Amino acid sequence: AQKEPVTEWSVLPPAAPQDQTVLQVAKWVDLFDPSATAEWKSPTVGGSAKLVVKAQTGHANYAILVPAGDAQADEGSASWHVCKAGAPNLPPLPMAEECRSNIMWITIIGLAAYLIILLWVFASNARRTGVFLCVVREPTPVDVLEYPEPGVQIDEARHIFTAAIEHTIPERKVKVSAGGLGKVLDQMLREHPPAKLSLMHPKFADIEYGPLDDFTTLEISVDMQKQTVKVYTLQSAVGEIKRVWYLLQHPWFETLISKDQPYPYPNTKLSVLRFWSLWNQAAAQLMVKLKADLYHCMDYHAAMAPLYIAPEDQIPMIIVLHNADYDGAVETEFISDVFWKKVPALNRLSWVFNLEIPAIRKYCTFEGRF
């Protein structure tokens with residue numbers, strides 16, 4: 001039965017029993033709400049049969065009305081009734097077949113839309129995606145770098161720039177070392193071929209450096225915020241090696257690192273990513289200002305510096321991996337954009353490192369990770 005305006009319920013033909021005499025039972029009850037009763041109302045000329053429901057149950061939307069004599073309380077619950085054994089079967093609910101048909105159409109349309117989107121994704125990326133099978137049949141000869149014969153003049157780098165967290169200043173008895181890189185720097189200060197060495201290091205808060213000379217101030221943008229880095233300098237010479245230290249002062253260099261823990265950790269923290277952004281941009285600005293001949297990059301820590309240098313100011317660069325296990329990878333964030341032009345992580349890294357997204361995608365991601 002379906003509710004009409006307030007208290008009258010029309011008996012719809014699909015739901016009405018075939019034997020119309022059963023409708024003339026005096027009292028009816030709602031199986032959903034046994035307290036609700038209904039009475040038979042004879043049909044008018046050209047009208048339909050009616051069941052008049054008491055006003056207090058007019059709030060219901062649907063009801064299953066059966067003769068009171070065919071209903072009994074359900075076992076274990078008095079809140080609803082069920083039909084007695086032997087009572088006529090309830091007719092099917094109206095519109096049931098139409099509802100099933102509508103649901104089926106919705107499912108078909110949704111599945112078709114999903115397949116169309118999936119095919120579009122693969123088709124739009126077909127140009128940039130591929131699977132290649134390489135078969136190595138014989139080793140490829142390696143081009144060996146040969147030194148020039150005696151007497152042949154070559155251009156030598158007379159001004160070497162390097163940037164490292166670990167550092168040694170023998171004259172001030174300063175030594176910050178965490179492993180092989182620090183030992184290499186010690187040897188480099190003593191045995192490097194004749195040249196000028198410009199060495200950039202952070203100024204640690206827990207180390208006494210003694211008197212230093214002011215050199216310059218660097219203005220750097222990190223995560224869309226301006227940062228000011230103060231640069232101090234001192235110098236000495238050993239034989240034909242002129243050594244010039246440039247010590248960078250900034251709150252992040254004083255709070256995120258110390259002599260006992262010279263490297264910030266972990267790389268997944270936003271504060272550490274900002275640290276490396278500041279460090280690389282400072283190396284780039286100082287390198288351009290000093291007009292060095294060669295950039296000696298130690299490990300990954302300042303390997304992004306050339307990305308901040310204009311093409312006309314680029315200089316040759318060598319990178320030495322002192323510990324290849326620590327390659328600067330941020331392993332917890334998968335930022336591959338094979339299927340989409342941009343992802344939130346790329347936008348965030350673009351702000352932090354003050355680089356365009358294409359530069360980060362091309363130079364700073366490998367196998368989908370930064």
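**Exercise 1. Find out how many disulfides the structure holds, and whether cysteine 83 and cysteine 297 are buried or exposed.**

Step 1. The structure holds 0 disulfides. As a reminder, a disulfide is a covalent bond between the sulfur atoms of two cysteines. Keep in mind throughout that this is a predicted model.

Step 2. Cysteine 83 has a relative accessible area of 26%. Buried means under 20% and exposed means over 50%, so a residue in between is called partly exposed. Cysteine 83 is therefore partly exposed.

Step 3. Cysteine 297 has a relative accessible area of 0%, so this residue is buried.

**Exercise 2. Work out the strand order of the open sheet and say which helices lie on it.**

Step 1. Start with the order: 7 strands run S13-S14-S15-S12-S9-S16-S17, with mixed pairing. Strand S13 (213-222) and strand S17 (317-320) are the edge strands, each pairing on one side only. From one strand to the next, the twist averages 25 degrees.

Step 2. Look at one pair inside the sheet. Strand S9 (residues 159-163) pairs with S12 in the parallel sense, over 5 bridges. Here histidine 159 has lysine 196 in S12 as its bridge partner.

Step 3. Now add the helices. Helix H2 (residues 180-191) packs on the sheet and touches S12, strand S15 (241-249) and strand S16 (294-298). The direction of H2 makes about 140 degrees with that of S15. Helix H4 lies across S9, S12, S13, strand S14 (225-238), S15 and S16, and runs at about 130 degrees to S13.

**Exercise 3. Describe the surroundings of leucine 199 and histidine 201 in strand S12.**

Step 1. Leucine 199 lies in strand S12. With a relative accessible area of 1%, this leucine is buried. Beyond its sequence neighbours up to four places away, leucine 199 touches several residues, including Thr162, Leu185, Leu189 and Trp245. Take leucine 189 from that list: the two leucines are 10 residues apart in sequence, and their C-alpha atoms are 9.9 Å apart in space.

Step 2. Histidine 201 is also placed in strand S12 (residues 195-202), and its relative accessible area of 1% makes it buried. A polar atom of the histidine 201 side chain lies 2.8 Å from the backbone oxygen of alanine 164. Leaving aside neighbours within four places in sequence, the contacts of histidine 201 include Glu166, His167, Leu185 and Trp279.

**Exercise 4. Which residues does asparagine 280 touch, and what does its side chain reach?**

Step 1. Locate asparagine 280 in helix H4 (residues 270-290). Its relative accessibility is 1%, so asparagine 280 counts as buried.

Step 2. The asparagine 280 side chain reaches the backbone oxygen of tryptophan 276 at 2.8 Å.

Step 3. Setting aside residues up to four places away in sequence, asparagine 280 touches His301, Ala302, Ala303, Met304, Ala305 and Tyr308.

**Exercise 5. Examine the backbone at proline 266, aspartate 223 and methionine 224.**

Step 1. Begin with the usual case: most residues other than glycine have a negative phi, and most peptide bonds are trans.

Step 2. The peptide bond from tyrosine 265 to proline 266 is cis, with omega near -5 degrees. Proline 266 sits in the loop between helix H3 (251-255) and H4.

Step 3. Aspartate 223 has a positive phi of about 55 degrees, and methionine 224 has a positive phi of about 65 degrees. Aspartate 223 lies in the loop between S13 and S14, and methionine 224 is placed in the loop between S13 and S14 too.

Step 4. Finish with accessibility. Aspartate 223, at 9%, counts as buried, whereas methionine 224, at 59%, counts as exposed.

Methods:
Residues numbered from 1 in each chain as written. Predicted model: local features only at pLDDT ≥ 70, side-chain atom pairs only at ≥ 80, totals over all residues. Heavy atoms only, no water. Helix = DSSP H or I, 4+ residues; strand = E, 2+ residues; numbered from the N terminus. Buried < 20%, exposed > 50% of the residue type's maximum accessible area, 1.4 Å probe, protein only. Polar contact = N/O pair within 3.5 Å; in protein donor to acceptor, adjacent residues only side chain to side chain. Contact = heavy atoms within 4.5 Å. Disulfide = S-S within 2.5 Å. Pairing = 2+ DSSP bridges. Axes fitted to C-alpha atoms, helices over the stretch in contact; angles between N-to-C directions.
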